[in-house]
Every structure is written in C-alpha cells, then in structure tokens.
Amino acid sequence: MTGYDGKVTEDAQISPGPLRSDQQEPHPDLKSVVAKHLVTRWRKPVPEHTRQAFETAQDWLQARGNPPLVLDSFCGTGMSTSLLAQRFPNHAVIGVDKSAHRLAKQPPSQDFLLLRAECEPFWLLLSQAGMTLARHYLLYPNPWPKASQLRRRVHGHPAMPLLQQLGGEVEMRSNWSIYAREFAIACDLIGIQGQLEELAVDTPLTLFEKKYWQRQQPLWRFRGQCCR
Ligand SMILES: C[S@@+](CC[C@H](N)C(=O)[O-])C[C@H]1O[C@@H](n2cnc3c(N)ncnc32)[C@H](O)[C@@H]1O
C-alpha cells in the first residue's frame, strides 16, 4: 500500500491486521546502514533489568550443566518458547521479551526460562561472555513499517552484527515480505548464509503467527547458518 504517513505506535504496528508501509522495496539505505554497523562498536549502556536477567540466565544454564542454548528473542507470551522446549528437549530454551505483561500470560515451567529484558543488550551480554547459540529464533519482531524507522528494525539496529557472532542457526519470521527481504540481505552482509521462503504453517508456533494464519496472510521465513 502507498501513501502511508501516519504515526505508528509500537502497539499499533504489531496488531495482526494488514501491514501498511510507505516502502515498496527494501530500503535504499539498508546496505550502507548495515555496513556502518559492521565497522562500529555499539556502546549503549545495558539496562539494569537486562543485566539482572542475563545473570538469571547464566545461573539457570549452569544449574542445567550448560546444554546447547536456544534463544527465542521477542518471544511475546512465550508460546513459541514452550513449543521450542518440547521440540528441543536436550537444549536449554530461553525466551526474552521486554513486555512483562505479555510474559505474564505464560505459566512458569521447569522446561524453559522466560526473561523480561531488552533483546539487543541481552545479545551483547551473551557475546561479551563468549556464549554461543545452537539456534536463534526471531519470530515476528516489530516491523517498524515507516521508511524512517529502518534503524528500529532488527537488521537496521547497531546490534545486528551480534547475531552472527552468537552463531548457530538463525530463523526469522515476518508477515511483511519487505522486512523479510531486508533481513535476508542484512544477514548476507554480516555472514549469515541462508534462504528466504514463504512459510506454509501447519501448526502455529506463536500467537501472532496463529492470528496471521487464521486470516490467511502470507508469511515469510528466513533460515540461515552463521559462518565463522
Ligand atoms: C509482534 S510481537 C511478536 C511476539 C511473538 N514473537 C509472537 O509472534 O507472538 C513483538 C514482540 O517484541 C517485543 N519487543 C519489541 N522490542 C523489543 C526489544 N527491544 N527487546 C525485547 N522485546 C522486544 C514486544 O514486547 C512484543 O512482545
């Protein structure tokens, strides 16, 4: 759709309705923004609640003997975290979201850990501690659909190169094809090789995916492997 110039609040942009954007193609600045982030160090201070969440994660992992780690970034209500824990029983599965309200919808479980934290500084702490991931899921991150919001998208954020440093298999899903194409381009630039495809849902993995699926919206999945 064209001509969108309205204000997009964080809550409005993640409603499961059709997405509107003033972009028709991947952002013209995408490659230069990612290239800049590859050669600069991201220095934003880590919020205290994210540091505490990271310490909780370290203790939890240590108590389990540090098995391979699956991270579910932007996990929302943790539906995907719970399902991933069932899918990968020999792994430690951690879901991270900044919304205490969404996280509270999932009952606590021995099988996985849900943490309230900012994902980007959480990735920074993992990287600084030399920790790596077996798998990293980023399921329906906020699209930030206005062209002026490129730097708020995961691939336009200074933390994007950390995804490669954390290693493992990266899977990102989106209901916005341009977002998915941009993410795939950015992954290629930072050293994550993979494929973008239309996602055929049989069993929804997240609450948003369920809503999109019920509305028969096309969905997109990037899956890639971090190259060392
Ligand atoms: C569109 S929702 C998707 C939630 C879930 N993955 C799903 O598919 O149902 C995006 C989620 O990202 C969370 N979020 C946005 N920015 C974040 C950040 N920087 N760190 C952690 N969580 C964030 C929001 O609170 C929200 O729950």
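**Entry 1: helix 3, inside and outside**

I began with helix 3 and looked up its buried residues: they are T50, A53, F54 and A57. I then checked how they sit around the axis, and they cover an arc of only 100°, which puts them on the same side of helix 3. A reminder to myself before going further: this is a predicted model.

Next I turned to the opposite face. Away from the buried side, helix 3 carries the exposed residues E48, E55, D59, Q62 and A63.

What covers the buried residues of helix 3? I found that the cover includes strand 2 (92-97), strand 3 (113-116) and helix 6 (119-128).

**Entry 2: length and end of helix 3**

I wanted to see whether the helix has the span its residue count suggests. Helix 3 runs over residues 48-63, which makes 16 residues, and at 1.5 Å a residue it should span 22 Å. Its end C-alpha atoms are 23 Å apart, which agrees. Just past the helix I noted G65, whose phi is positive, near 80°.

**Entry 3: a closer look at E55**

I picked E55, which lies in helix 3. Is E55 buried or exposed? I looked up its C-beta neighbours inside 10 Å and got 11, so E55 counts as exposed; the cut-off for exposed is 12 or fewer. I also paired E55 with L125: they are 70 residues apart along the chain, yet their C-alpha atoms are separated by 9.6 Å.

**Entry 4: the nonpolar core**

I moved on to the largest nonpolar core, which has 57 residues. The residues with the most contacts inside this core are I94, V96, L115, F122, F183 and C187. Which helix gives the most to this core? Helix 8 (residues 177-190) does, with 7 residues.

I followed V96 a little further. Setting aside its neighbours within four places in sequence, I found V96 in contact with L71, S73, C75, L115, A117, C119 and F122.

**Entry 5: around the ligand**

Last, I visited the ligand. There are 21 residues around it, and those that come nearest are F74, G76, S99, T206 and F208. The elements that give two or more residues to this shell are strand 2, helix 6 and helix 9 (207-214). Helix 9 supplies the largest share, 3 residues.

How does the shell around the ligand divide by residue type? I sorted its residues into 10 nonpolar, 5 polar and 6 charged.

I noticed two familiar names here: strand 2 and helix 6 give residues to the ligand shell, and both are part of what covers the buried residues of helix 3.

Notes
Residues are numbered from 1 along each chain as its sequence is written. This is a predicted model: local features need pLDDT of at least 70, side-chain atom pairs count only at pLDDT 80 or more; totals for chains, interfaces and linings use all residues. Helices (H or I, at least four residues) and strands (E, at least two) are DSSP runs, numbered from the N terminus. The expected span of a helix is 1.5 Å times one less than its number of residues. A residue is buried if 20 or more other C-beta atoms lie within 10 Å of its own, exposed if 12 or fewer, and partly exposed in between; C-beta atoms are placed from the backbone. The arc is that of the directions from the helix axis to the C-beta atoms. Two residues are in contact if their C-beta atoms, placed from the backbone, lie within 7 Å. A nonpolar core is a set of buried Ala, Val, Leu, Ile, Met, Phe, Trp, Tyr and Cys residues joined through C-beta atoms within 7 Å. A residue is near a molecule or strand if its C-beta atom, placed from the backbone, lies within 6 Å of it. Ala, Val, Leu, Ile, Met, Phe, Trp, Tyr, Cys and Pro count as nonpolar, Asp, Glu, Lys and Arg as charged, and the others, Gly among them, as polar.
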